[in-house]
Amino acid sequence: MEPVTEAELIRAFCEEAEHVVLPDLNGLPWPEMDYLGWVHPSGRLGYLALVSPETGALTGSVLNRSGMRSTRPRLEMCSWCRHVHNRNGTAMFSVSVKGTRGRHRLGQVLCKDLDCSLRLRNLIEPRSYMGETLYLEARVWRMQMSIHRWLRKANRL
Ligand SMILES: [Zn+2]
C-alpha cells in the first residue's frame, strides 16, 4: 500500500477516532503491506486501515480483540492469510456492523498482531506450520477478498 500520514489515519477513523492510539508510522515496510493493522497496548483493541476498493478512500475500523490462549499445542489458522500457527498465534477480532450501535458484531480468528501481509510473504519467523504451494499473488488476492468480504458485511468498506 502507499504510505499514509497520521492526519490521514485520524480522518479514516473519523467517528471512532477517540478510541484510536496511533502506531509509529516510521520505518514500516509499506510496499509489503496490503493494509495497515496494529494492536492497542492493552491488547483489547485492534485497528485496521486500508484503501476501500469501492471508494478509493482510506477507511479505518476499530476491532475488539480477545486472546485465545491455550496451554496445549493446538493448530490455529488465520482466516485472512491462512497462516497456521502452532500455539497462541491467533486472536479473535470482531468489528461492529455500522449502523447497529455495536449491537451486531462480526468476528474472525486472525493472526494476533494483524501482521498477515508480512506472514504471507514469509517475512516473519516461524513460517506457517503448513506450507502452501499457491503463488504469492494468489494468496494476496485471496486475503484481500477475505478482508473486503468481512468489511462489506459490516458496512465498513
Ligand atoms: Zn494472518
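This tour proceeds from the whole chain to its sheet, then to one helix and to several loop residues.

**The whole chain**

Begin with the entire model, which is predicted. The chain contains 3 helices and 7 strands, and along the sequence these follow the pattern α-β-β-β-β-β-β-β-α-α. The C-alpha trace spans about 40 × 30 × 30 Å along its principal axes. A compact globule with 157 residues would have a radius of gyration near 15 Å, and the chain agrees because its own value is 15 Å. Buried residues account for 25% of the 157 residues. Of the contacts between residues at least 6 apart in sequence, 55% join residues at least 24 apart.

**The sheet**

Next, select β1, β2, β3, β6 and β7. These 5 strands form an open sheet in the order β1-β2-β3-β6-β7, with antiparallel pairing. At the edges stand β1 (36–39) and β7 (105–111), each of which pairs on one side only. From one strand to the next, the twist averages 30°.

Narrow the selection to residues 45–51, which are strand β2, and residues 58–67, which are strand β3; the two pair in the antiparallel sense over 7 bridges. Within this pair, L45 can be found opposite N64 of β3.

**Helix α3**

Now select residues 136–153, the helix α3. The 18 residues of α3 should span 26 Å at 1.5 Å a residue, and the helix agrees because its end C-alpha atoms are 26 Å apart.

Which residues of α3 are buried? They are M143, I147, W150 and L151. Viewed down the axis of α3, these buried residues fall within an arc of 95°, so they line one face of the helix. An α-helix has 3.6 residues a turn, so residues three or four places apart point the same way. The buried residues of α3 pack against β2, β3, β7 and α2.

Turn the view to the face of α3 that points away from its buried side: the exposed residues there are E137, A138, W141, M145, R149 and K153.

Stay on the helix and select L151, which lies in α3. L151 counts as buried because it has 21 C-beta neighbours inside 10 Å, the threshold being 20 or more. Leaving aside residues up to four places away in sequence, L151 touches S61, R156 and L157. For a longer view, add H85: its C-alpha atom is separated by 24 Å from that of L151, and the two residues are 66 residues apart along the chain.

Just past the helix, N155 follows α3 and has a positive phi, near 55°.

**Loop residues**

Select R101 in the loop between β6 (90–96) and β7. R101 has a positive phi of about 50° although it is not a glycine. Is R101 buried or exposed? R101 is exposed, because 8 other C-beta atoms lie within 10 Å.

Move to L114, in the loop between β7 and α2. L114 is likewise not a glycine, yet its phi is positive, at about 55°. L114 is buried, with 21 other C-beta atoms within 10 Å.

The last stop is P126, in the loop between α2 (116–120) and α3. Select E125 as well and inspect the bond that joins E125 and P126: it is a cis peptide bond, with omega about -5°.

Technical notes. Residues are numbered from 1 along each chain as its sequence is written. This is a predicted model: local features need pLDDT of at least 70, side-chain atom pairs count only at pLDDT 80 or more; totals for chains, interfaces and linings use all residues. Two strands pair if DSSP finds at least two bridges between them. Helices (H or I, at least four residues) and strands (E, at least two) are DSSP runs, numbered from the N terminus. Axes are lines fitted to C-alpha atoms, for helices over the stretch in contact, and angles run from 0 to 180 degrees between N-to-C directions. A residue is buried if 20 or more other C-beta atoms lie within 10 Å of its own, exposed if 12 or fewer, and partly exposed in between; C-beta atoms are placed from the backbone. Two residues are in contact if their C-beta atoms, placed from the backbone, lie within 7 Å. The expected span of a helix is 1.5 Å times one less than its number of residues. The arc is that of the directions from the helix axis to the C-beta atoms. The radius of gyration is taken over C-alpha atoms; the globule rule is 2.2 Å times the number of residues to the power 0.38.
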